[in-house]
Amino acid sequence: MSDTISVSIFMGSKSDLPVVQAAADTLNEFNIPHRMFILSAHRTPDEVVKRVKESEADGAKTFIAAAGMAAHLAGAIAAQTTKPVLGIPMGGGDLDGMDALLATVQMPKGVPVATFAIGKSGAINAALCAVQILGTTDLEIAKKLTDYKLKMHADVLEANESIQ
Ligand code: RP5
């Protein structure tokens, strides 16, 4: 693969895709070129390393990593790159995502993973954070983020008005 990308999204299993799709959809709203991989820190560790290196070579400026249960994927990616890694803990499992939340957020010093909410809200916010990172050096993206916030503001006021 050699198309230029800005963000690379990894998820640990095909079962994560319905939730992680919200991150890809959010990046699409901002026309951010990205790539998605289903690769596991535990089941396919060598392929994770390979695709992180390949993503960096293709221009990725930030990584999004979604995993459930003993969620090591974000940390495994952070071990391979100096780019920001944004972690999404997946819900489900016997502990309903609390295991993934703690596994993702509790990184040892020196290897940060920015950790978001469990599930779909986390997927959307991780993508928005990736857009914000890109927006620090791209005025067009920064303007789209301002418009996004203005629309949220207008939507809430409209909903409020509709029940008065
Ligand atoms: C994690 O284990 C995946 O990210 C997924 O959330 C969870 C369960 O995976 P499957 O057993 O559904 O493949 O590695």
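This report describes the helices, nonpolar cores, surface patch, unusual backbone angles and salt bridges of the structure shown above. The model is predicted, and every value below is computed from it.

**Helix α1 and its surroundings**

Helix α1 covers residues 17–29 and contains 13 residues. From the first C-alpha to the last, α1 reaches 18 Å, close to the 18 Å expected at 1.5 Å a residue. Its buried residues are Val20, Ala22, Ala23, Ala24, Thr26 and Leu27. The cover over these buried residues of α1 includes strands β1 (7–11), β2 (34–38) and β3 (62–67), together with helix α5 (120–135). After α1 comes Asn31, a residue with a positive phi near 55°.

**The nonpolar cores**

In soluble globular proteins, nonpolar side chains tend to be buried together. In this model, the largest nonpolar core has 26 residues. The residues with the most contacts inside that core are Val7, Ile9, Leu27, Ile32 and Ile64. Two or more residues come from each of β1, α1, β3, β4 (85–89), α5 and α6 (139–162). Helix α5 gives the most to this core, with eight residues. Leu27 thus appears both among the buried residues of α1 and among the residues with the most contacts in the core.

Which residues does Val7 contact, leaving aside its neighbours within four places in sequence? Val7 is in contact with Leu27, Ile32, Pro33, His34, Arg35, Ala60, Thr62, Ile64, Ala130 and Leu134. Another core, of 19 residues, lies apart from the core of Val7; among its members are Phe10, Val85, Ala100 and Val113.

**A nonpolar patch on the surface**

Nonpolar side chains also occur at the surface of the model: Leu95, Met98, Leu102, Val105 and Ile118 make a patch of about 420 Å². Leu102, one of these residues, is placed in helix α4, residues 98–105. Its relative accessibility is 46%, and Leu102 therefore counts as partly exposed.

**Positive phi outside glycine**

Most residues other than glycine have a negative phi, and most peptide bonds are trans. Two residues of the model are described here for a positive value. Asn31 is not a glycine, yet its phi is positive, at about 55°. Asn31 is found in the loop between α1 and β2, and this residue is exposed, with a relative accessible area of 61%. Met69 likewise is a residue other than glycine with a positive phi, near 60°. Met69 belongs to the loop between β3 and α3 (73–78). With a relative accessible area of 56%, Met69 is exposed.

**Salt bridges**

Side chains of opposite charge can pair when their charged atoms come close. The structure holds six salt bridges, and the table lists some of them.

| Salt bridge | Closest N to O distance |
|---|---|
| Arg51 with Glu54 | 2.9 Å |
| Lys143 with Asp147 | 2.9 Å |
| Lys151 with Asp155 | 2.8 Å |

Arg51 and Glu54 both lie in helix α2 (residues 45–57), where three residues, about one turn of the helix, set them apart. How accessible are these partners? Arg51 is partly exposed, at a relative accessible area of 23%, whereas Glu54 is buried, at 18%. The cut-off for a buried residue is under 20% relative accessible area, so Glu54, with its 18%, counts as buried.

The other two pairs in the table involve helix α6. Lys143 and Asp147 both lie in α6, four residues apart, about one turn of the helix. Lys143 is partly exposed at 49% relative accessibility, and Asp147 is partly exposed with a relative accessible area of 35%.

Lys151 and Asp155 are also four residues apart in helix α6, and so are separated by about one helical turn. Lys151 is exposed, with a relative accessible area of 51%, while Asp155 counts as partly exposed at 36%. Elsewhere, Arg35, Arg51, Glu54 and Asp58 are joined into one network by salt bridges that share partners. Arg35 is also one of the residues in contact with Val7.

Notes:
Residues are numbered from 1 along each chain as its sequence is written. This is a predicted model: local features need pLDDT of at least 70, side-chain atom pairs count only at pLDDT 80 or more; totals for chains, interfaces and linings use all residues. Side-chain values use heavy atoms; hydrogens and water are left out. The expected span of a helix is 1.5 Å times one less than its number of residues. Buried means under 20% relative accessible area, exposed over 50%, partly exposed in between (1.4 Å probe, protein chains only). Contact means heavy atoms within 4.5 Å. Patches are made of residues with over 30% relative accessible area and no salt bridge: like charges are joined within 9 Å, nonpolar side chains (Val, Leu, Ile, Met, Phe, Trp, Tyr) within 5 Å. Accessible areas come from the Shrake-Rupley method with a 1.4 Å probe; for residues, only the protein chains shown count as cover. A salt bridge is a side-chain nitrogen of Lys or Arg within 4 Å of a carboxyl oxygen of Asp or Glu. A nonpolar core is a set of buried Ala, Val, Leu, Ile, Met, Phe, Trp, Tyr and Cys residues joined through side-chain atoms within 4.5 Å.
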